[in-house]
Amino acid sequence: MDQDRKWAPAAWYEDEASVAGTAALTPRLQASWLRSRRYGLTPEDLQPVFTGSVDTGCLLYECGHEVLQGLKDTLANEPVSMMLTGSDGLVLSRLCSDSSVSRSLDRVHLAPGFYFSERNAGTNGMGLALADRAPTLVRAEEHYCTSLRQYTCAAVPVLDPLTGELAGSINLTTWSDSSSKLLLALAQAAAGNTAALMLARTTGRKPRPAPRGEVYQVFTGRTEAQSEPLDLSARWTDAVGQAGTAMAEGRLLAVVGEPGAGKSTLASLARRRIRARERILCVRPPLADDITTWMRLWAPELAKDDTCVIVTGVHTLPEWAAEDLAELLSGPPHGHAADRHPYLHSCVITTEDYTRVPQALRTLIGGVVEAPALRSRPEDVLPLADHFARRFRGRPVSFSPAAARALSDFHWPENTRQLQRVVRDAASRTDVVDLRHLPAEIFVGTPRRLSRMQALERDEIVRCLTEPDTTVAQAAEALGISRATIYRKITQYDIVVPTRTR
């Protein structure tokens, strides 16, 4: 690809030609081979990094290992090895009932504690599945490293059912001369079962819907409810100012920050400072299968002088899609110097973590600004709450002193997105928001996994504690339990007792 040529040495042109001419390699595999060479790997030298430790206490390991154990029992005496990896390609678990397969995998270090990402081991099933976030089957000669060509590998990414983030992958490996027709289907079923088990063992929250991909316009016409600008903290306004400076200089800006911190909002506000009447499009990536259609929908907008495109969540893009986007932003590779990177000034990208930005895009970034988390600017909670309530109801909604104190003291793990949801739900029931209108999550310290019955018990305790003019003793009486029991439950569930209840 053209963007690969920019990063590669002179010999890269010959490498690309040789890879393109390799028989039986699909375009996706060719792109992976090119990346493997760019990482400095050679087909004859496979030396995956060894970490020496594996986190066996994480939810992914707990659920994935259990699913693979059941699959192992089903495939008893079959020459198939079942592996679980983390999102970075670290092999967490390996199960196999065939001793010859296990000994062979040991010789190539395909074992727990070793990294088998694309960057560490070249084109392989699990590495490509993690890079492209898509089901992958790599057969025999399709492996980049020669020592892996005796295997056929099927790998499927596992997504966290609550956050939608890449959690890891399920990988099934067999001999290259064995039938692989059902291998990928089995891996897909195991990955789906792992995600479902992860969801079942969380707090009972609903799974995050699969990304659909969105293209929508950010409107700037102020309504009556928005006529007064928000007076937010210096941390926020400084970040907006830094973003505006980077945009004014024509650099590609990356806005980083936690989920729900307002990265797209920050980019939009900064853009308005330098081009008040410009149209802003916000685009969110879909699943890998729909990315080509999604990109074709909004890519022509980059060429318009009065439009800025904010591409959100670029860390979720597969490698090939990131390379296509980088090529699009860079313009013609052989044009005049003045024409290079013609669309960088028309685009902003957002990501949760800069280190997870695909390399193809990272080389184009000219500025990075962090959207500060809401817990780091508690003085913004009440102004934002007032703003969200007014916007939802179309008129002012007030907060009692106790409710205002509870909102300000909460740590907001989901940031502004969570505050908006809480305020919307409360404002839909009253014009004066009090403690009893706030959800139980506001009165819990450190979140922890609870069974359905535990969650119901915790929420009922919080409901009684937030009733008007109720003390802890009165809440215990209403629940039919002793004061000692309610205090024990408060400690068990890490409930933050509202100030007026103590």
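## Exercises on a predicted model

The second largest pocket of this predicted model has a volume of about 630 Å³.

**Exercise 1. State which residues lie closest to the centre of the second largest pocket, and which elements give two or more residues to its lining.**

Step one is to look at the residues around the centre: of the 21 residues that line the second largest pocket, Ser 87, Leu 130, Ala 131, Glu 319 and Arg 356 are the closest to it. Step two is to assign the lining to elements, and those that contribute two or more residues are helix H6 (118–121), H7 and helix H13 (359–362). Helix H7, which spans residues 125–132, returns in the next two exercises.

**Exercise 2. Describe the sheet formed by five strands, giving the strand order, the sense of pairing and the elements that pack on it.**

Begin with the order, which is S2-S1-S5-S4-S3 in an open sheet with antiparallel pairing. The edges are then strand S2 (91–95) and strand S3 (136–139), each of which pairs on one side only. Neighbouring strands in this sheet are turned against each other by 20 degrees on average, with direction ignored.

Next, follow the pairs one at a time. Strand S1 (residues 80–86) is joined to S2 by four bridges, and within that pair Leu 84 stands opposite Ser 93. Towards S5, strand S1 makes seven bridges, again antiparallel, and here Gly 86 faces Gly 168. Strands S4 and S5 are paired over nine bridges, with Tyr 151 having Trp 175 in S5 as its bridge partner. These two strands also form a hairpin with six residues between them, and Gly 164 in the turn has a positive phi of about 80 degrees.

Finally, add the helices. Helix H4 (residues 59–74) packs on the sheet and touches S1, S2, strand S4 (151–159) and strand S5 (166–175), its direction making about 170 degrees with that of S1. Helix H7 lies across S1, S2, S3, S4 and S5, and runs at about 30 degrees to S4. As for how far S5 is covered, nine of its 10 residues are buried.

**Exercise 3. Work out how many cavities of 30 Å³ or more the model contains, and what lines the largest cavity.**

The count comes to two cavities of 30 Å³ or more, and the largest cavity holds about 60 Å³ of space. Its lining consists of Leu 110, Phe 116, Asn 124, Gly 125, Met 126, His 143, Leu 148, Tyr 151, Cys 153 and Asn 171. When these residues are assigned to elements, H7 and S4 are the ones that give two or more. Tyr 151, which lines this cavity, is also the residue whose bridge partner in S5 is Trp 175.

**Exercise 4. Identify the residues with the most contacts inside the largest nonpolar core, and trace the surroundings of Leu 266.**

A general point helps at the outset: in soluble globular proteins, nonpolar side chains tend to be buried together. In this chain, buried residues make up 50% of the 502 residues. The largest nonpolar core has 60 residues, and Leu 266, Trp 412, Leu 419 and Leu 438 have the most contacts inside it. Helix H9 (residues 234–248) supplies the largest share of this core, namely six residues.

For Leu 266, leaving aside residues up to four places away in sequence, the residues touched are Trp 236, Ala 239, Val 240, Ala 243, Val 255, Val 369, Glu 370, Ala 371 and Pro 372. A second, separate core of 29 residues includes Leu 71, Leu 92, Leu 197 and Met 198.

**Exercise 5. Decide whether His 437 and Ala 299, each placed in a loop, are buried or exposed.**

Locate His 437 first, in the loop between strand S13 (432–433) and helix H17 (452–465). Its relative accessible area is 10%, and because the limit for buried is under 20%, His 437 counts as buried. Beyond four places in sequence, His 437 touches Ala 426, Arg 429, Thr 430 and Val 432.

Ala 299 is found in the loop between helix H11 (291–298) and strand S9 (307–311). With a relative accessible area of 18%, Ala 299 also falls under the limit of 20% and is therefore buried. The C-alpha atoms of Ala 299 and Leu 328 are separated by 7.9 Å, although the two residues are 29 residues apart along the chain.

Technical notes: Residues are numbered from 1 along each chain as its sequence is written. This is a predicted model: local features need pLDDT of at least 70, side-chain atom pairs count only at pLDDT 80 or more; totals for chains, interfaces and linings use all residues. Side-chain values use heavy atoms; hydrogens and water are left out. Two strands pair if DSSP finds at least two bridges between them. Axes are lines fitted to C-alpha atoms, for helices over the stretch in contact, and angles run from 0 to 180 degrees between N-to-C directions. Contact means heavy atoms within 4.5 Å. A nonpolar core is a set of buried Ala, Val, Leu, Ile, Met, Phe, Trp, Tyr and Cys residues joined through side-chain atoms within 4.5 Å. Buried means under 20% relative accessible area, exposed over 50%, partly exposed in between (1.4 Å probe, protein chains only). On a 1 Å grid over the protein atoms alone, a cavity is a set of points where a 1.4 Å probe fits but cannot get out, and a pocket is an open set with protein on both sides within 12 Å along at least five of seven lines; lining residues have an atom within 4 Å of a point. Grid points are joined across faces, edges and corners, and a volume is the space filled by probe spheres set on the points.
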